[in-house]
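Here is a short, friendly tour of one model, from its strands to its charged pairs and its inner spaces. Have the viewer open and follow along.

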Amino acid sequence: MKKLHSFHIPVMGIGFTADTPLKVSHLGIDSAISLVDDILLEKLRKMYCKMFDLPYDEIDNSEPDFRAKRITSYLDMIHEVTEEKFNQLKDLNKSCTEELKHYLNLLPSTSEMKSQFVNAISETINLDKAKKFLSDNLVKGSIDVNIMTKVDKDNYKDKTKLPVEYNDAHAALRGYANSNLNSSLILSAGMNPHLFSYLENFKDFYPDVTGYIKKKVILKVSDYRSALIQGKILAKKGIWISEFRVESGLNCGGHAFATNGLLLGPILNEFTINKQVLINELHDLLTKALTAKSYHVPEMPLPVKITAQGGVGTAEEHEFLLSKYNLDSIGWGTPFLLVPEATTVDNETLDQLVKAKEDDLYLSDISPLGVPFNSMKGNTKDLEKYRNIDKNRPGSACPKKFVALNKEFSEEGLCTASRQYQHLKIMQLDEQGLEASAYNKALDKITVKSCTCVGLGTSALLKYNLDTKTEGEGVSVCPGPNMAYFSKIMSLKEMTSHIYGEIKGVVSAHRPNIFVKELSIYVDYITEKFNESPTISNKREEKYFVNFIENLKEGVKYYENMLEETKASFETTKNTICEGLEIELNRLKALRAKVDEAILMTS
């Protein structure tokens, strides 16, 4: 069925959207659950089973395949409860009349379905006809799940390594595949060939004779090349990509995967130009793969959606991206952290987010995955980390070990934020005999890591007063830079009205345009990268910096031309946008001069 909303709520952290579908799916809004933390999901399942009077049998660690079973059970519970809520809306149950009004009020004023329903109700008092209209037209929000492909830790039993299908991401995939959900699996953070191959084992990921896929695959990508490569790999296995979810490399929440200076506008333009070529190429590969498997082969290419997310903050930007690049949906993540009706954030963290300014939000090195991570200064998990350092006991106890992926000291893997790993690494550092400044710099690189796999889920436990004895009470939070421009707690209605341009005053008047903000973050990023060691020692470094800077300059040129051609959008802010682009272009020219000077020094 056609989507009624033009936005979706992306996965945020581990716990912030863990139960978002329970809050918004029956209202027609798509959202996503992280499958990293099965322990958290089990605690939430127990709570919700009690709340909704559902049977609950604990799945503990002694049970074979407990991780996959916990995930399946949690997703089935979410499915059951949201189906019941949604069916009550369609049944015009008196107790749900207010919820039905809420559903309709959240839709934009331009919604055809909304006006059709009002007309249908005003023209007839026939209850059966009204119910049929709702049954035919109400749409439930998709309950999608997210797997970070690289968070795929090996698992052991009695010191014996288990087969690869018991790895964390594999077990999470199996948990989703065995669930009753009809939705999408979002694969993020790049390629995992073993995991991609594992998809082939589950029939729900293949199209049936009508072309229907019960469990679709979404690839979260940062550029067209990545989409094409990964799409081809999966198509050769008979797996169709139903959506390419393009995320800004740096102007986003959570982990940030910087492109080589490629900006969101030019990237989306490349998708727009090449979409049909991409679809045809993937269809040809899919056809061969399905034929080889003796599965049904669709005669025509299956639908492919292109969506975008990362840094969108106004209705004008939202509408512009949809129309300019013919997108199917826009992801609104960070602002929804301020909407308790949609996300789960503890009160202390929520208060910090409301007060956060530009300087409070930064691209950090705290992630144990070794990937830049958007964070907020003063979060309670970082404060806990600093207290441990002050006590000369750096590192976390590492109770969950989801990112215990480093095998430098142990075949079973250690998390680089763990106390055990940092102790061993500091011992190693002590033996090097470095002078004080070099030693302190190296020490900071070790101790900066924070226990995000616990911290990103703890907020949900605190919000619901659940046991945190194992986890502690420290919260990691990962808003994007956009958070600085949203400074109040909002209702779901306020947020959707803001997205659709029906109210004013939600976002700061000083907020820079999405394209300018992303560009400035990229210029900051590459400038800091160069300043870390302002020399060019080899051709590889030379190529990296030159290409990065030139790609950004090309991006500026693209935006300047785009604004010249754009008549209906950004009319009141066009001059400000152009000024912002000019400032960043001058910064790039200055940086390029420094890089060229460093190249000359090398040669």
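A residue counts as buried when its relative accessible area is under 20%, as exposed when that value is over 50%, and as partly exposed in between. Lys3, with a relative accessible area of 22%, is therefore partly exposed. Please keep in mind that this is a predicted model.

## A pair across the chain

Let us stay with Lys3 for a moment. Its side chain meets that of Asp30 in a salt bridge, at 3.4 Å from N to O. The two residues belong to distant parts of the chain: Lys3 sits in the segment before β1, Asp30 lies in the loop between α1 (20-24) and β2, and 27 residues separate them. Asp30 has a relative accessibility of 13%, so this residue counts as buried, while its partner Lys3 is partly exposed.

## Other salt bridges

Side chains of opposite charge can pair when their charged atoms come close. In this model the count comes to 38 salt bridges. One of them joins Glu63 to Lys69, with 3.6 Å between the closest N and O atoms. Here Glu63 is partly exposed at 28% relative accessible area, and Lys69 is also partly exposed, at 33%.

Buried or exposed: what are Arg245 and Glu243? Arg245 has a relative accessibility of 5% and so counts as buried, and Glu243, at 7%, is buried too. Their side chains meet in a salt bridge of 2.9 Å, N to O. Elsewhere, Asp38, Arg67, Arg70, Lys153 and Asp168 are joined into one network by salt bridges that share partners.

## The open sheet

Which order do the eight strands of the open sheet follow? Going across, the order is β1-β11-β10-β8-β7-β6-β3-β2, with parallel pairing. The edges are held by β1 (7-8) and β2 (31-34); each has a single partner strand, so one side of each is left without a neighbour in the sheet.

Within this sheet, β10 (residues 305-309) and β11 (residues 329-331) run parallel and are joined by three bridges. Ala308 has Ile330 in β11 as its bridge partner.

## Strand β13 and its partners

Strand β13 (residues 373-376) is covered on both faces. Phe373 and Ser375 are buried on one side, and Asn374 and Met376 are buried on the other.

Two strands run antiparallel to β13: β9 (residues 254-255), joined to β13 by two bridges, and β12 (residues 361-364), joined to β13 by four. On the β9 side, His255 has Phe373 as its bridge partner. On the β12 side, Leu363 stands opposite Asn374.

## Enclosed spaces

Rolling a probe the size of a water molecule over the atoms shows where empty space is left. Here the count comes to four cavities of 30 Å³ or more, and the largest cavity holds about 70 Å³ of space.

What lines the largest cavity? Its lining consists of Lys381, Glu384, Lys385, Asn388, Gly395, Ser396, Ala417, Gln422, Thr447, Lys449, Ser450 and Cys451. Helix α13 (residues 380-390) supplies the largest share of this lining, four residues. By class, the lining has six polar, four charged and two nonpolar residues.

Conventions: Residues numbered from 1 in each chain as written. Predicted model: local features only at pLDDT ≥ 70, side-chain atom pairs only at ≥ 80, totals over all residues. Heavy atoms only, no water. 1 Å grid on protein atoms, 1.4 Å probe; cavity = no way out; pocket = protein on both sides within 12 Å on 5 of 7 lines; lining within 4 Å. Points joined across faces, edges and corners; volume = space filled by probe spheres on them. Nonpolar A, V, L, I, M, F, W, Y, C, P; charged D, E, K, R; others polar. Buried < 20%, exposed > 50% of the residue type's maximum accessible area, 1.4 Å probe, protein only. Pairing = 2+ DSSP bridges. Salt bridge = Lys/Arg side-chain N within 4 Å of Asp/Glu carboxyl O.
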